[in-house]
Amino acid sequence: MKLVFATNNQHKLDEVRKITAGYAEIISLSDIDCHDDIPETADTLEGNALLKARYIKEKFGYDCFADDTGLEVEVLNNAPGVYSARYSGTEHDSEANMNKLLSEMNHKENRKARFRTVIALILDGKEYTFDGIVNGSITTEKRGDSGFGYDPIFMPDTYTQTFAEMGNDTKNQISHRAKAVMKLTLFLSDYNC
């Protein structure tokens, strides 16, 4: 089975390809010659994932899936949430996003947070969604240099390392995206039977 993953993020693409190996061949947007800036104008993660998947299905005709991920910080009323990638502005600047969040968390005792990913799949004309959540906390400083996005300041519950410190192999087994992709993979496995 071939599926287009509607993302321009090479880190996400690599991560998802590793998790789905043997279940589906994941095609990138560049593989289908899509260089469009796909709109993400919904106010929920589910809405954005569906917008991106529908865009690819309608414009290119491929079965596909898309995801949207947000970091939800309890004391900030679940911000940055759906605006995680552009928290500090429209540039998708991870350093600026982390700096802004750390500044807003300064002197806050409650540092509980969670990463949440929603995947929207369009397959044979039907839509499905899968989600993954990992609970944790925001550290007081950046730690580690692997991963991407907020990984250097997010430490999952029961671990003493941030996502950026633990490395991609460990992160890919426990992350929010891994959980959502595993649900997708199980669905595809059953679907192929």
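About 890 Å³ of space lies in the largest pocket of this predicted model. The pocket is lined by 35 residues, and those closest to its centre are N9, K12, E40, A85 and H92. Four elements each give two or more residues to the lining: α1 (10-20), β3, α3 (94-105) and α6. Strand β3 gives the most, with five residues.

Strand β3 spans residues 64-73. Ten of its ten residues are buried, so the strand is largely enclosed by the rest of the structure. In a regular strand the side chains alternate between the two faces of the sheet. In β3, one set that points one way consists of C64, A66, D68, G70 and E72. F65, D67, T69, L71 and V73 point the other way. Residues of both sets are buried, including the acidic D67, D68 and E72.

Three strands pair with β3, and they are taken here in turn. Strand β1 (residues 2-5) runs parallel to β3, joined to it by two bridges. Within this pair, V4 stands opposite C64. Strand β5 (residues 112-123) pairs with β3 in the antiparallel sense, over ten bridges. Here the bridge partner of F65 is L121 of β5. Strand β4 (residues 79-81) is also antiparallel to β3, and this pairing has three bridges. In that pair L71 stands opposite G81.

Strands β3 and β4 form a hairpin with five residues between the strands. N77 lies in this loop. The phi of N77 is near 55°, a positive value in a residue other than glycine. N77 is exposed, with a relative accessible area of 74%. Beyond the loop, the peptide bond between A79 and P80 is cis, with omega at about 0°. P80 lies within strand β4.

A second positive phi occurs at D124, which is not a glycine. The value there is about 50°. D124 lies in the loop between β5 and β6 (126-138). This residue counts as exposed, at 53% relative accessibility.

The cysteines C34 and C64 were examined for bonding. Which cysteine sulfur is closest to that of C34? The sulfur of C64 is, at 10 Å. A disulfide needs the two sulfur atoms within 2.5 Å. The separation is therefore too far for a bond. C64 is likewise in no disulfide, with the sulfur of C34 as its nearest cysteine sulfur. The count for the model comes to zero disulfides. Both residues lie out of reach of the surface by the burial criterion, which is under 20% relative accessible area. C34 is buried at 1% relative accessibility. C64 is buried at 0%.

Helix α2 covers residues 45-60, a total of 16 residues. From first C-alpha to last, α2 reaches 23 Å. That is close to the 22 Å expected at 1.5 Å a residue. The buried residues of α2 are L45, G47, N48, A49, L50, K52, A53 and I56. What covers them includes β1, β3, β5 and β6. Strand β3 thus appears again, here among the elements that cover α2. The residue that follows the helix is G61, and its phi is positive, near 85°.

A further buried site is found between two helices. S175 lies in the loop between α5 (168-174) and α6 (176-192). How accessible is S175, buried or exposed? S175 is buried, with a relative accessible area of 0%. Beyond residues up to four places away in sequence, S175 touches E15, V134 and F163. In contrast to S175 at 0%, the loop residues N77 and D124 are exposed.

Conventions:
Residues numbered from 1 in each chain as written. Predicted model: local features only at pLDDT ≥ 70, side-chain atom pairs only at ≥ 80, totals over all residues. Heavy atoms only, no water. Buried < 20%, exposed > 50% of the residue type's maximum accessible area, 1.4 Å probe, protein only. Pairing = 2+ DSSP bridges. Expected span 1.5 Å × (residues − 1). Contact = heavy atoms within 4.5 Å. 1 Å grid on protein atoms, 1.4 Å probe; cavity = no way out; pocket = protein on both sides within 12 Å on 5 of 7 lines; lining within 4 Å. Points joined across faces, edges and corners; volume = space filled by probe spheres on them.
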